[in-house]
Amino acid sequence: MTNDTQSTEQTDGFHLVIDALKLNGIDTIFALPGIPITDLTRKAQAEGMRMISFRHEQHAGNAAAAAGFLTQKPGICLTVSAPGFLNGLTALANATTNCFPMILISGSSEREIVDLQQGDYEEMDQLAIAKPLCKAAYRVLHAEDIGVGVARAIRSALSGRPGGVYLDLPAKLFAQTMDAAAGKRSLIKVVDPAPRQIPAPDSVQRALDLLKGAKRPLIVLGKGAAYAQADAEIRALIEKTGIPYLPMSMAKGLLPDTHTQSASATRSYVLAEADVVMLVGARLNWLLSHGKGKTWGGPNAATRQFIQIDISPTEMDSNVPIAAPLVGDIGSCVSALLAGIGSNWAKPPADWTQGIAERKDKNLTKMAATLAQNPATMNFHSALNVIRNAVKARPDAIVVNEGANTLDFARSIVDMYEPRKRLDVGTWGIMGIGMGFAVAAAVTTGKPVIAIEGDSAFGFSGMEVETICRYNLPVCVIVFNNNGIYKGTDVNPRGGDVAPTVFVKNARYEMMMQAFGGVGVLANTPDELAKALDQAVASGRPTLINAIIDETAGTESGRITSLNPQSSAKK
Ligand code: ADP
Ligand code: TZD
Ligand code: MG
């Protein structure tokens, strides 16, 4: 039977998944093929989607998460069942923790066999396992529900606080056929997937009143503020109020780090001294010492008040009381504050801003002297000074950064000038994001990517240099090679095996990139590093620079030594 709403043409699960994603503006998939999704990867490519195929699912997942952060569209990671799914799960959980929108789509085995635990190929109840690790998890059993499944996944990933979503697609689904016209009608183009959330006027007024009375106000920008893409409004708020601000690591560049109101160079002073603190898309978690303790000590410790802008109402009071919660999306909240501020807002008292400026100048002068040193063996400072200059010359480049000392020093030394140009280990301090994030940054922006990697950190995703070469991505990986985790100097007191934090000395990481046709350079001096980095950025060729760093230069756990329990027992 045919009429004008039915056709003789058939479609199937494979095509409906692809069509549903495309209908919603998703043009890239980060994947690792295998049963049952091999043909999905092939067909998606044939249908014009960018298909980036990885060597390990965790890195495909990390790429999806970074793409989500950069584009405000959920990044898609596609994996096979059980082990592939589990490999992708760390990235899904990490995305959720960091509030990055992504969708992990995994093929799964036959439901009937899985549920009776009869031992299917790659048997696992994936939906149940994913659920506690993401914002939402869905399974689609019928081809006609693919549209709904994809729409729900997109809405869940993007609306409210963004996060990771799991979509379970059993093998049988892909081959299910249905009438093509009916299939098309079953798809949903999601309207307004991240609806604006306008703050209540009284909450805006409460925040303004508090800010107005402040003698030592401070604004903290978090990666939620970077994600929100309300760059102009945030800049206007900071400049119109004249309030000093601190960017969290991935909020660096929202305003250029060289901005006169940046208090980064005197972080501990402003945290201890501020009387009213406005958090913009930043949680009071461990990265901000939970809003209490020594970091937040000083004369105002007992009376300090917080204003918090966040899309998640339950974030409020999570660590300390929030005197003025401002619940809504950052764009709407900041616009509402700007409207209330008007044109004759009194700037903060001069003793506060001048006190900050003086301390900043002093610290920056000290830092400049340290950076100018040129020790015989490169240390973190002399190597990072080169990267600092390179990023200054190419402010559109994206910096990816992981490691311990390599992370902490790079965060404070390498200034960022544009929003969303810095991707790093985020809320968990997770190692292994490096190459996945770098691939996503290159693929979604086309800009040069500079991945600043501790040698340990690099090891977690190192095999993806093949992926970088295969897609010829403009990624320059710089391995800070200090022969180990934190330092390369630990010794096993019993002799025999090397200490657990130590690697093969003088490893030739650059040869890994050469193995796949990329450029590999060994750099022993700042000049060699600068030359190789300039060439990499100018040429856009996949490059790995093995930067030899003094193995005694770091400290255990970098800047979070205080979180590292150590045995004092004498045995
Ligand atoms: P950082 O690590 O940089 O301090 P966090 O990840 O701790 O940042 O905090 C990000 C916060 O931003 C989360 O609490 C999240 O709910 C919030 N957020 C994310 N996107 C938005 C948005 N568009 N509007 C408002 N808040 C947002
Ligand atoms: N595993 C995972 C997934 N995440 C982690 N954060 C760690 C282990 C523990 N860890 C850190 O927190 S930093 C780090 C590890 C293993 C590596 C530090 O060594 P590096 O950096 O070579 O990358 P530096 O420059 O030598 O300090
Ligand atoms: Mg190291």
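Reader: By class, how many charged residues does the shell around ligand 2 have?
Author: Happy to start there, and please keep in mind that this is a predicted model. The shell around ligand 2 has 7 nonpolar and 8 polar residues. Its charged residues number just 1.

Reader: Which residues come nearest to ligand 2?
Author: The shell around ligand 2 holds 16 residues. Of these, the nearest are N405, T406, G429, D455 and N482.

Reader: Nice. How far from an oxygen atom of ligand 2 does a polar side-chain atom of N482 lie?
Author: Polar backbone atoms also approach the oxygen atoms of ligand 2: one of S456 at 2.9 Å and one of G484 at 3.0 Å. For N482, the partner is a polar side-chain atom, and its distance to an oxygen atom of ligand 2 is 2.9 Å.

Reader: How much of the area that ligand 2 exposes when taken alone does the protein bury?
Author: Without the protein, ligand 2 exposes 600 Å². The share of that area buried by the protein is 76%.

Reader: Which element gives the largest share of the shell around ligand 2?
Author: Two elements give two or more residues each to this shell, helix 17 (405–413) and helix 19 (455–461). The largest share, 4 residues, comes from helix 19.

Reader: Let's turn to ligand 1. Which atom type of ligand 1 is 3.0 Å from a polar backbone atom of I330?
Author: I330 is one of the closest of the 20 residues that surround ligand 1, a group that also includes K223. A polar side-chain atom of K223 lies 2.7 Å from an oxygen atom of the ligand. For the backbone of I330, the partner in ligand 1 is a nitrogen atom.

Reader: And how much of ligand 1 does the protein bury?
Author: An oxygen atom of ligand 1 sits 3.3 Å from a polar backbone atom of G281. Taken alone, ligand 1 exposes 580 Å², and the portion of this that the protein buries is 96%.

Reader: Which residues have the most contacts inside the largest nonpolar core?
Author: In soluble globular proteins, nonpolar side chains tend to be buried together. Here the largest such core has 129 residues. Those with the most contacts inside it are L221 and L423.

Reader: Is N379 buried or exposed?
Author: N379 is in the loop between helix 15 (350–372) and helix 16 (380–393). Beyond residues up to four places away in sequence, N379 touches I549 and A553. Its relative accessible area is 19%, under the 20% cut-off, so N379 counts as buried.

Methods
Residues numbered from 1 in each chain as written. Chains lettered and ligands numbered in written order. Predicted model: local features only at pLDDT ≥ 70, side-chain atom pairs only at ≥ 80, totals over all residues. Heavy atoms only, no water. Core = buried A, V, L, I, M, F, W, Y, C linked by side-chain atoms within 4.5 Å. Buried < 20%, exposed > 50% of the residue type's maximum accessible area, 1.4 Å probe, protein only. Contact = heavy atoms within 4.5 Å. Near = heavy atom within 4 Å. Polar contact = N/O pair within 3.5 Å; in protein donor to acceptor, adjacent residues only side chain to side chain. Areas by Shrake-Rupley, 256 points an atom, 1.4 Å probe, with all protein chains shown as cover. Nonpolar A, V, L, I, M, F, W, Y, C, P; charged D, E, K, R; others polar.
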